[in-house]
Amino acid sequence: MSASRGIFVPGRWPTQGRLYALQLCRADNRAAAGGKRCISLKSLFTPSPPSDAVHGSSTKRHRVLLKPNDLFHPLSKSPIKEMREKGILIQQHGCCATCVEETAKAGKPAATREPHFECPDCGYPTHCSEKHWGEDKSHGKELCGYLREANEDEHDLRSGRTLREFEFPSAQLPEIVVNLSNWDSFLYTRSFTNINSNRAMRHVSKVLTYPVTMGATIHQYSPFTLKNGLTPEGLKSMTALRTTIKEHDLARSEKELVMQQMPLRVFVLGARAEAMLPPHLYLQLAYLLPNSPIHVYFVGPECIPSADEARSTIVVSTRLVLKYHKSFFHDAIWNFAPFDPFTDVFFMFSPGIGHPKARGGWQPTVEKLLETKCAVFATGFHERDMQTDVRALNEDFGDKMDWLLEPRENPFASLKRDFGIRNLREWAISNWGIYGFRGKRYEVQSKQ
Ligand SMILES: [Zn+2]
Ligand SMILES: [Zn+2]
């Protein structure tokens with residue numbers, strides 16, 4: 001594989017760090033809206049000053065702090081400052097599952113002592129005391145293993161090693177067809193040769209879940225077919241988009257035709273973390289549709305262009321342009337109208353449409369979306385999150401919309417779990433599930 005891009009070395013941590021911060025903040029803000037959590041985790045992921053490390057004496061920025069066999073550390077004793085701070089935050093704002101259960105059993109309102117006891121197996125402050133830790137049988141069954149994995153993963157990302165798995169392949173050879181069944185087949189057929197462990201896959205899936213979920217949904221070899229969740233209405237919408245992609249393919253050798261092409265417009269609404277991904281990551285979307293000019297519009301009140309980037313338009317390649325609009329879609333709609341179901345598609349990553357405090361805010365946007373008659377795909381953090389959104393859509397807009405993709409697990413979900421500071425029993429997985437819908441009364445007409 002020829003060119004590779006985007007090597008994440010420790011010196012580039014600010015970008016990556018903010019990305020992770022935002023993803024966690026999203027989960028947190030949403031929950032905060034429901035009155036459960038209200039802490040910004042941004043500070044957790046700003047890079048440590050090099051002199052902070054307790055391992056070794058060198059203050060050189062790029063040195064390796066942790067060896068691959070030395071990734072597990074109880075948070076309070078971690079050599080990484082952010083990890084120690086995370087432990088303190090959990091101790092201050094978290095809860096002890098045994099305390100909560102005991103009060104619930106007694107029919108009292110949930111109460112908890114601060115979780116000062118660190119589980120020796122996962123290193124997280126999980127309970128108020130060793131006694132309560134010992135009494136919580138459910139912790140050891142499943143959760144402890146996931147937390148241990150998260151502990152090692154987070155130390156690995158901050159270990160100072162060069163993260164070779166983030167060296168991504170460039171354009172696909174035309175004779176090799178990409179298999180979009182799942183992560184394994186995608187990474188194999190796209191020649192991601194530097195991913196050689198489950199941990200590396202987890203790291204990479206966490207960022208690639210955005211462009212690859214988009215690409216896999218639109219692509220002619222999408223895993224979503226009539227046998228796998230796509231509805232007949234969904235097929236109509238995807239056929240419209242794929243007709244345009246086919247035209248792009250046919251026109252690839254004709255310079256004049258290329259000049260006249262309408263680009264595919266991919267809108268990402270409520271954009272947060274996905275807007276802050278390093279722009280070159282979206283080349284992985286472009287490589288899946290190699291002959292299509294693609295404009296990705298990130299729209300949302302919390303949409304911030306990629307770190308260190310002041311422009312609102314970034315030309316990533318001759319065929320890929322990223323645009324950033326910091327406003328609500330329904331307020332900014334005239335910047336993008338008119339819409340065409342043959343070229344335009346919408347994505348909303350874990351929007352929380354059904355969350356009580358967010359529901360009213362999303363309604364004017366969804367109303368406008370349905371008017372466009374373009375395909376809309378949305379994701380959820382887990383089954384409950386997704387079903388809450390789907391139920392809200394059905395209740396608020398059921399008679400105005402058609403389902404394109406029945407709610408289901410997304411084969412290109414992140415493989416990583418993010419845990420809530422307030423309750424380590426709650427986790428979120430970016431783009432765990434996916435579903436699609438569109439405004440009613442749309443008919444595909446053949447394009448002249
Ligand atoms: Zn307790
Ligand atoms: Zn544990």
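Ser 350 sits in the loop that runs between strand 9 and helix 13 (356–372). In this predicted model, Ser 350 has a positive phi of about 45° although it is not a glycine. Because its relative accessibility is 2%, under the 20% cut-off, Ser 350 counts as buried. A second serine offers a useful companion to this one. Ser 191, found in the loop between helix 6 (183–189) and helix 7, also has a positive phi, here of about 60°, and is likewise not a glycine. With a relative accessible area of 22%, Ser 191 is partly exposed. As background for both serines, most residues other than glycine have a negative phi, and most peptide bonds are trans. The peptide bond that joins Ala 337 and Pro 338 is cis, with omega about 0°. Pro 338 belongs to the loop between helix 12 (329–332) and strand 9 (344–348).

Helix 13 follows the loop that holds Ser 350. Its 17 residues should span 24 Å at 1.5 Å a residue, and the end C-alpha atoms are 25 Å apart, so the two values agree. The helix nevertheless has a kink of about 40° at Trp 362, shortly before the proline Pro 364. Trp 362 is itself among the buried residues of helix 13, along with Thr 365, Val 366, Leu 369, Leu 370 and Thr 372. Residues three or four places apart in an α-helix point the same way, because there are 3.6 residues a turn. Just after helix 13 comes Lys 373, with a positive phi of about 65°.

Turning to the chain as a whole, the secondary structure comes to 14 helices and 14 strands. Of the 448 residues, 56% count as buried. Among contacts with a separation of 6 or more, 75% are accounted for by residues 24 or more positions apart.

Helix 5 gives a closer view of how these elements meet. The 21 residues of helix 5 (residues 137–157) should span 30 Å at 1.5 Å a residue, and its end C-alpha atoms are indeed 30 Å apart. Even so, helix 5 has a kink of about 55°, centred on Leu 143. Leu 143 is one of its buried residues, which also include His 139, Cys 144, Leu 147, Ala 150 and Asn 151. Towards the end of the helix, Glu 152, Asp 153, Glu 154, His 155, Asp 156 and Leu 157 are buried as well.

Part of this stretch faces helix 7 (residues 198–218): Glu 149, Glu 152, Asp 153, Asp 156 and Leu 157 in helix 5 meet Arg 199, Arg 202 and His 203 in helix 7. The residues of this contact divide into one nonpolar, one polar and six charged. The two helices pack at an angle of about 75°, with their axes 11 Å apart. Since that angle falls between 65 and 115 degrees, helix 5 and helix 7 are roughly perpendicular to each other.

Helix 5 also has a part in the surroundings of helix 2 (residues 81–93), whose buried residues pack against strand 3 (125–127) and helix 5. Those buried residues are Glu 82, Met 83, Lys 86, Gly 87, Leu 89, Ile 90 and Gln 91. Helix 2 has 13 residues and reaches 18 Å from its first C-alpha to its last, close to the 18 Å expected at 1.5 Å a residue.

Helix 7 makes further connections through Val 204, which lies in this helix. At 1% relative accessibility, Val 204 counts as buried. Leaving aside residues up to four places away in sequence, Val 204 touches Glu 165, Phe 166, Phe 168 and Ile 195. Val 204 and Glu 165 are 39 residues apart along the chain, yet their C-alpha atoms are separated by 6.9 Å.

Leu 404, in strand 11 (residues 401–409), provides a similar example from a strand. Leu 404 is buried, with a relative accessible area of 0%. Again leaving aside residues up to four places away in sequence, the residues that Leu 404 touches include Gly 229, Leu 230, Thr 231, Glu 233, Gly 234 and Ser 237. Ala 375, Val 376, Gly 436, Phe 437 and Arg 438 are also touched by Leu 404. Leu 404 and Arg 438 are 34 residues apart in sequence, while the distance between their C-alpha atoms is 6.8 Å.

Key:
Residues are numbered from 1 along each chain as its sequence is written. Chains are lettered from A and ligands numbered from 1 in the order in which they are written. This is a predicted model: local features need pLDDT of at least 70, side-chain atom pairs count only at pLDDT 80 or more; totals for chains, interfaces and linings use all residues. Side-chain values use heavy atoms; hydrogens and water are left out. Helices (H or I, at least four residues) and strands (E, at least two) are DSSP runs, numbered from the N terminus. The expected span of a helix is 1.5 Å times one less than its number of residues. The bend at a residue is the angle between axes fitted to the seven residues ending there and the seven starting there. Buried means under 20% relative accessible area, exposed over 50%, partly exposed in between (1.4 Å probe, protein chains only). Axes are lines fitted to C-alpha atoms, for helices over the stretch in contact, and angles run from 0 to 180 degrees between N-to-C directions. Angles under 35 degrees count as roughly parallel, over 145 as roughly antiparallel, 65 to 115 as roughly perpendicular and the rest as oblique. Contact means heavy atoms within 4.5 Å. Ala, Val, Leu, Ile, Met, Phe, Trp, Tyr, Cys and Pro count as nonpolar, Asp, Glu, Lys and Arg as charged, and the others, Gly among them, as polar.
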